[in-house]
Structures are given as C-alpha cells and as structure tokens.
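Biologist: Got a minute to walk me through this one? I'd like the overview, then the binding sites.

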Amino acid sequence: MSIHIEDLTVRFKNGVTAINHANLNIPNGIFGLLGENGAGKTTLMRVLTTVLKPTSGTVTLDRILYSEGNYEKIQRKIGYLPQEIDLYPNLTVQECLEYMGDLAGVPKAECKKRIEYYLKKTSLAEHRKKKMKQLSGGMKRRVGLVQALLNEPEFLIVDEPTTGLDPEERIRIRNLLVDFSENRTVLFSTHVVEDLAATCNQLAIMHKGSFLYAGSMKNLTEEAQGKIWICKVPDERKAREVEQKYRITSKQYVEGGLQLRVISEIQPELECMSIPATLEDAYIYVTNQYE
Ligand code: ADP
Ligand code: MG
C-alpha cells in the first residue's frame with residue numbers, strides 16, 4: 001500500500017493555511033511524520049482518513065483517488081488513532097472495543113480474539129472491566145490504538161500515539177507499531193525525534209504546512225553531517241558572542257568552560273570538532289535552514 005500526495009493545500013475558514021502545496025509519497029512500512037506543534041501533522045492525517053476534504057490537490061491510495069465515490073472503499077482500508085480521543089465514557093474498555101469492532105464490521109468471534117491479543121500487547125488486559133471515564137489519558141490513547149487495530153487495516157494512521165505514555169509504555173507501543181507495519185503501511189506522527197529514530201527508516205519533516213524533507217533516516221543524518229560541531233568556550237560571555245554568529249542548539253557546563261553544540265556549514269573558528277549527526281541534530285539543521 002502506498003500513498004501519493006500531490007500539490008495538497010488545506011486552508012481553513014479562519015484563513016489559516018495548515019498545508020501549503022505539499023507533495024509526499026508514503027511507501028510501504030512504517031513512515032514517520034515529524035514536526036513541532038502546529039506543523040500540520042494532524043490536518044494531513046485527517047485528510048488521509050477522509051475526515052477532512054482538502055482545499056485543493058490530489059491524494060491517491062494504491063491508485064484509488066480520494067473522491068466522493070471512493071471514500072467508503074478507502075475508509076475500509078484505514079485504521080486511525082486520532083490525536084484527541086473521547087470514546088464512550090460509560091462503557092467498559094471491553095464493551096467499548098466490542099462495540100467499535102462491530103461498527104468496523106469485524107465478525108464477533110474474530111473481534112474478541114483480536115481484542116484479547118491487542119489488550120495484552122498494550123498492557124491493558126487487567127483494565128478491561130474499567131469504565132472508559134476511569135482511565136488516564138495515556139490509557140485512553142492505548143484503547144484508541146487497539147480500536148484502530150481491530151480491523152487489521154492495510155493503512156494505519158496514528159497521531160502522536162506515544163504522547164502521555166511513560167518511557168516503558170512508549171517502547172512497547174513503538175514495538176507494536178513496528179511489528180504491525182510488516183506488509184502494511186503505518187504513518188506515525190510525533191514531535192519526539194527519538195520515537196522515530198527507534199522505529200522508522202523513512203520519514204518526512206513537516207514545518208509550517210510544508211515538507212522540508214522526505215526520505216530515509218540515513219540520508220537525512222548524512223545531510224547534516226559536517227554541519228554540527230561541538231565547541232568549547234571559556235565562559236558565558238564568549239558563549240553569547242558565539243550565539244550571535246551561529247545557531248547554538250545546546251549548552252552544557254564542562255570542566256574549564258562551556259560546551260556548545262553549534263550549527264554551521266563550515267568549521268567555526270573555535271576549538272571544536274565535528275560530530276556524527278544524530279536524527280535530532282539533522283532535524284534541527286533542516287528546520288533551521290528554513291527559518
Ligand atoms: P500539528 O498536528 O502538527 O500540531 P495541526 O494540523 O493540528 O498541526 O495544525 C496546523 C495549523 O492549522 C495550526 O496553525 C492550527 O492552529 C491550524 N488548525 C488546525 N485545525 C484547524 C481548524 N479546524 N480550524 C482552523 N485552524 C485549524
Ligand atoms: Mg497534531
């Protein structure tokens with residue numbers, strides 16, 4: 001399953017352009033969508049799930065064009081975890097999932113089996129009898145994820161699935177998504193770089209409604225290679241001087257002064273060394289270029 005987005009624009013009634021003439025190909029496997037708050041991730045996902053109709057541009061899913069006559073066919077192929085979820089507060093976790101599975105047309109016996117399986121995978125099994133309104137935000141999101149997985153969709157869209165989870169849960173959910181992505185397509189949005197470093201080979205960086213980068217993780221970090229430097233300066237005053245000239249992404253006190261992480265196309269005239277770029281560096285480098 002692959003998705004092609006061509007010249008996509010979404011402008012809201014209030015005049016905000018959330019997506020601005022964007023192009024993107026989403027291949028098979030797990031694909032990361034990285035961007036700060038307000039970048040346009042949720043808007044893109046809502047378009048892909050057919051919840052939101054774009055202002056202009058085209059989207060195709062395995063060559064099926066997003067158009068009135070095809071929406072139902074497309075929806076059947078998609079599982080969606082929205083960023084904000086509010087599932088039936090008075091139903092228990094089990095009841096809620098059975099009901100949602102039924103709505104999605106999953107046969108009853110099969111649905112129960114899948115609920116069992118995914119509740120275990122998300123460490124929710126012992127909470128199945130709790131009412132939805134008794135759950136924490138992080139738990140609700142995990143129930144939302146199980147719900148999105150129930151029809152075992154060919155294309156899974158998960159909007160910030162790791163938000164509000166503790167580190168251990170975060171890792172479990174990442175692993176679940178990676179496992180699920182085998183022979184399928186998973187679009188995984190996050191504003192946490194680390195989430196993607198641990199899961200995806202391919203990603204897009206979204207910024208103010210455009211894609212600044214789309215491609216492999218490896219190419220991205222290579223792009224930032226030799227442009228991130230660690231420099232040492234003796235004191236705060238010197239650090240401020242450097243700051244006026246270069247973009248500093250971190251500052252750390254070390255023996256005999258301060259260590260700065262500096263973005264520069266060429267080696268700064270300071271005591272410094274180039275370091276292998278991490279995804280975090282690459283992300284900062286790419287978005288920095290745009291500013
Ligand atoms: P992200 O998910 O990356 O945080 P969003 O897609 O939610 O970004 O938002 C992108 C931009 O569109 C923001 O400026 C946001 O305020 C705006 N926006 C999102 N939804 C609406 C809406 N329904 N009406 C008006 N503006 C919106
Ligand atoms: Mg969002």
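**Overview and sites**

Modeller: Of the 291 residues of the chain, 51% count as buried. Keep in mind that this is a predicted model.

Biologist: How many helices and strands does the chain have?

Modeller: Ten helices and 14 strands. The C-alpha trace spans about 70 × 45 × 35 Å along its principal axes.

Biologist: Which domains is the chain divided into?

Modeller: Domain 1 covers 3–215, and domain 2 covers 226–275. Their C-alpha centres lie 39 Å apart.

Biologist: On to the ligands. Which residues surround ligand 1?

Modeller: F12, N14, V16 and A18 are among them. The others run from E36 through N37, G38, A39, G40, K41 and T42 to T43.

Biologist: What's the mix by class in that shell?

Modeller: Four nonpolar, six polar and two charged residues.

Biologist: And which helix gives the most to the shell?

Modeller: Helix α1, residues 41–48, with three residues.

Biologist: Polar contacts? Which side chains have an N or O atom by an oxygen of ligand 1?

Modeller: K41, at 2.8 Å from a ligand oxygen. T43 is another, at 2.6 Å from an oxygen atom of ligand 1. The backbone joins in too: a polar backbone atom of G38 is 2.7 Å from a ligand oxygen. Overall, the protein covers 66% of the 560 Å² of accessible area that ligand 1 has on its own.

Biologist: Now the metal. What are the protein donors of the magnesium ion?

Modeller: OG1 of T42 and OE1 of Q83. They lie 2.0 to 2.1 Å from the ion, which is ligand 2. T42 sits in helix α1, and Q83 sits in the loop between β6 (78–81) and α3 (93–103), so the pair ties together parts that are 41 residues apart in sequence.

Biologist: T42 also turned up around ligand 1, right?

Modeller: Yes, T42 is in that surrounding set as well.

Biologist: How accessible are T42 and Q83?

Modeller: T42 has 25% relative accessibility, so T42 counts as partly exposed. Q83 has 26%, so Q83 is partly exposed too. The buried class needs a value under 20%.

Biologist: Switching topic. Where does S181 lie?

Modeller: In the loop between α6 (167–180) and β8 (185–190).

Biologist: Why does S181 count as buried?

Modeller: Because S181 has 8% relative accessibility, and buried means under 20%.

Biologist: What does the S181 side chain reach?

Modeller: The backbone oxygen of V178, at 2.7 Å.

Biologist: And P153, buried or exposed?

Modeller: Buried, with a relative accessible area of 1%. P153 is in the loop between α5 (137–149) and β7 (155–159). P153 and V186 are 33 residues apart in sequence, and their C-alpha atoms are 9.5 Å apart in space.

Biologist: Last thing, the backbone. What is the phi of E160?

Modeller: Positive, about 50 degrees, although E160 is not a glycine. Most residues other than glycine have a negative phi. E160 lies in the loop between β7 and α6. At 3% relative accessibility, E160 counts as buried.

Biologist: What about phi of K208?

Modeller: Phi of K208 is near 45 degrees, again a positive value in a residue other than glycine. K208 is in the loop between β9 (202–207) and β10 (210–216).

Conventions. Residues are numbered from 1 along each chain as its sequence is written. Chains are lettered from A and ligands numbered from 1 in the order in which they are written. This is a predicted model: local features need pLDDT of at least 70, side-chain atom pairs count only at pLDDT 80 or more; totals for chains, interfaces and linings use all residues. Side-chain values use heavy atoms; hydrogens and water are left out. A residue is near a molecule or strand if one of its heavy atoms lies within 4 Å of it. A polar contact is a pair of N or O atoms within 3.5 Å; within protein, one must be able to donate a hydrogen and the other to accept it, and residues adjacent in sequence count only if both atoms are side-chain atoms. Accessible areas come from the Shrake-Rupley method with a 1.4 Å probe; for residues, only the protein chains shown count as cover. Helices (H or I, at least four residues) and strands (E, at least two) are DSSP runs, numbered from the N terminus. Ala, Val, Leu, Ile, Met, Phe, Trp, Tyr, Cys and Pro count as nonpolar, Asp, Glu, Lys and Arg as charged, and the others, Gly among them, as polar. Donors are N, O and S atoms within 2.8 Å of the metal (3.2 Å for Na, K and Ca); water is not among the atoms, so sites may look incomplete. Buried means under 20% relative accessible area, exposed over 50%, partly exposed in between (1.4 Å probe, protein chains only). Domain bounds come from an automatic or database domain assignment.
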